[in-house]
Amino acid sequence: MVDFSSKVMSSLLGDKFIHSGEVVKLPLEFVRQLSIKIQQQRPAWRCDKVMDIYSGCALCLPNLTSPALHQATLTPPLCIEIKPKCGFLPSHKHVSKDIKARVCRYCMHQHFKVASGKWKRRSLYCPLDLFSGNKQRMTFAVRHLLEEPQNNFKVFKGGQCVYSCKESSDDPPDVNGLLHHLRPYFLQGNNRTSSHMTNKAILNDFIQVLVNALLSERGDGGAVTDRQEEGRSFCEASLFNRERVGHASQGLPADSVLFRILQTQMLDTLDIEGLFPLYRRVEQHLQDFPKERSRLQVDGPYNEAFLEKVQKCRMEDDGSVESAIAKVHQYCVAMTAKDCSIMVVLQPREEEEEDDEGLRRLRDFRPSPFSSSVSILDLDPKPFDSIPRQLRLDQKIVSCYLRTGGALPKGSRPQHPSILSAADREECTLLFHPM
């Protein structure tokens, strides 16, 4: 895992975003007690995965929800965790169902999750809006993450989770509780008082700070990549009105975290349907020649040779097992990027404070300046043998969406007006004046 993160994903995503960690040894008794202690806190759908209590090894990573660079102040750092998911549509020529080239995997998967009972309500978040680089669409996407966070959006304050969503919960997330935590951060330096700043204004400012952090550049490059010509950056299931964008530029700054993630995701050029025949070619070869598994680096090692296979894989298939395994490697790396998490740490700062290396002041919004640092987590390698399961899941998701026609069971749609609007409702007063 350390090699995959530090030697493969770090090169693709940018080492400034990656914390590869280090392997440490732990007493077996400590691991056993830890396993028992956390079992009750794990979500039900994770309990079938058992902690390995016999290896005596663990991966040591920094606690990004409460970073070491934080200096004790009255306002501890905020940390937002986002699982952005896949930010593009597959090509028509590699999919058997046309709907896959029109509706993104995440939006279709929401219908399947509601139908199977994993979530009570559908999230209206669409990853293609977040990855668009257009601030209107990105703001729209973050608002829907806030409304129905599921396991794709969490907010931490001083290392403690203050906003998330419990699986299969009937209750909507506690936006008012989140507002209570956010209010002090957005009153600083604004000449605003608690009575004059509405909940809606606080949420809007919070979203703009987060969007700016996701778009911020961490290097010298200033290029913006235009995605309009690709025709794969709009999802038909998104509720965002394309006409609101008009001819505005679409694209991400080339050194932003979202751009690096999207580029790595797009190593999947074939979709699972186009890749599966290549997987079968490798699988058959390994059945005939089991010792080839090592030479083909099916399970690693994750080194420069592996990275070169991923980066220099030819588009055309020459029919060889080497060509097939290179495409499989690309796909598995792309799957890791599709399943990663972004951690955005926000720390209010005083105007006179000097810029620290690796931090950036976000100036183009109303609230007081914030320092931000962005990291990418959850970069485990995806196993070769998981590909058949991924194909079966893909087929189930598409079949469910086509069977329901994109319709949802009654009660599974988010409540309207949105909980974000409802949070501000108590502050709206209508005054009538005599004439």
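A nonpolar core is a set of buried Ala, Val, Leu, Ile, Met, Phe, Trp, Tyr and Cys residues joined through side-chain atoms within 4.5 Å. With that in hand, welcome to this predicted model. Its largest nonpolar core has 77 residues, and among these Phe-153 and Leu-214 touch the most other members. Helix H7 gives the most to this core, with eleven residues. Below is a short tour of the cores, two helix pairs and one buried serine.

**The nonpolar cores**

- Leu-214 is a good place to start looking: leaving aside residues up to four places away in sequence, Leu-214 touches Ile-82, Leu-130, Met-138, Ser-256, Val-257, Leu-258, Ile-342 and Val-344.
- There is also a second, separate core of 19 residues, with Ile-272, Ile-325, Val-328 and Cys-332 among its members.

**Helices H5 and H7**

- Two packed helices are described by the angle between their axes and the distance between the axes.
- For helix H5 (residues 135–147) and helix H7 (residues 199–215), the axes come within 10 Å and cross at roughly 120°.
- That angle makes H5 oblique to H7, and the crossing of the two is right-handed.
- On the H5 side, the contact involves Lys-135, Met-138, Thr-139, Val-142, Arg-143 and Leu-146.
- H7 meets them with residues including Leu-203, Phe-206, Ile-207, Leu-210, Val-211, Leu-214 and Leu-215.
- Sorted by class, the residues of the contact of H5 with H7 are ten nonpolar, four polar and two charged.

**Helices H9 and H12**

- The axes of helix H9 (residues 271–288) and helix H12 (residues 321–338) come within 9 Å, crossing at roughly 130°.
- H9 is therefore oblique to H12, and H9 passes H12 in a left-handed crossing.
- From H9, the contact uses Ile-272, Leu-275, Leu-278, Tyr-279, Arg-281, Val-282 and His-285.
- From H12, the partners are Val-321, Ala-324, Ile-325, Lys-327, Val-328 and Tyr-331.
- This contact of H9 with H12 has ten nonpolar residues, one polar and two charged.
- Ile-272, Ile-325 and Val-328 take part in this contact, and these three residues also appear in the second core.

**Ser-373 in strand E8**

- Ser-373 lies in strand E8, which covers residues 370–377.
- Ser-373 counts as buried because its relative accessibility is 16%, and buried means under 20%.
- The C-alpha atoms of Ser-373 and Val-344 are separated by 5.9 Å, although the two residues are 29 residues apart along the chain.
- Val-344 may look familiar, as Val-344 is one of the residues that Leu-214 touches.

Key
Residues numbered from 1 in each chain as written. Predicted model: local features only at pLDDT ≥ 70, side-chain atom pairs only at ≥ 80, totals over all residues. Heavy atoms only, no water. Axes fitted to C-alpha atoms, helices over the stretch in contact; angles between N-to-C directions. Helix = DSSP H or I, 4+ residues; strand = E, 2+ residues; numbered from the N terminus. Parallel < 35°, antiparallel > 145°, perpendicular 65-115°, else oblique. Left-handed = near helix turned anticlockwise from the far one by under 90°. Contact = heavy atoms within 4.5 Å. Nonpolar A, V, L, I, M, F, W, Y, C, P; charged D, E, K, R; others polar. Buried < 20%, exposed > 50% of the residue type's maximum accessible area, 1.4 Å probe, protein only.
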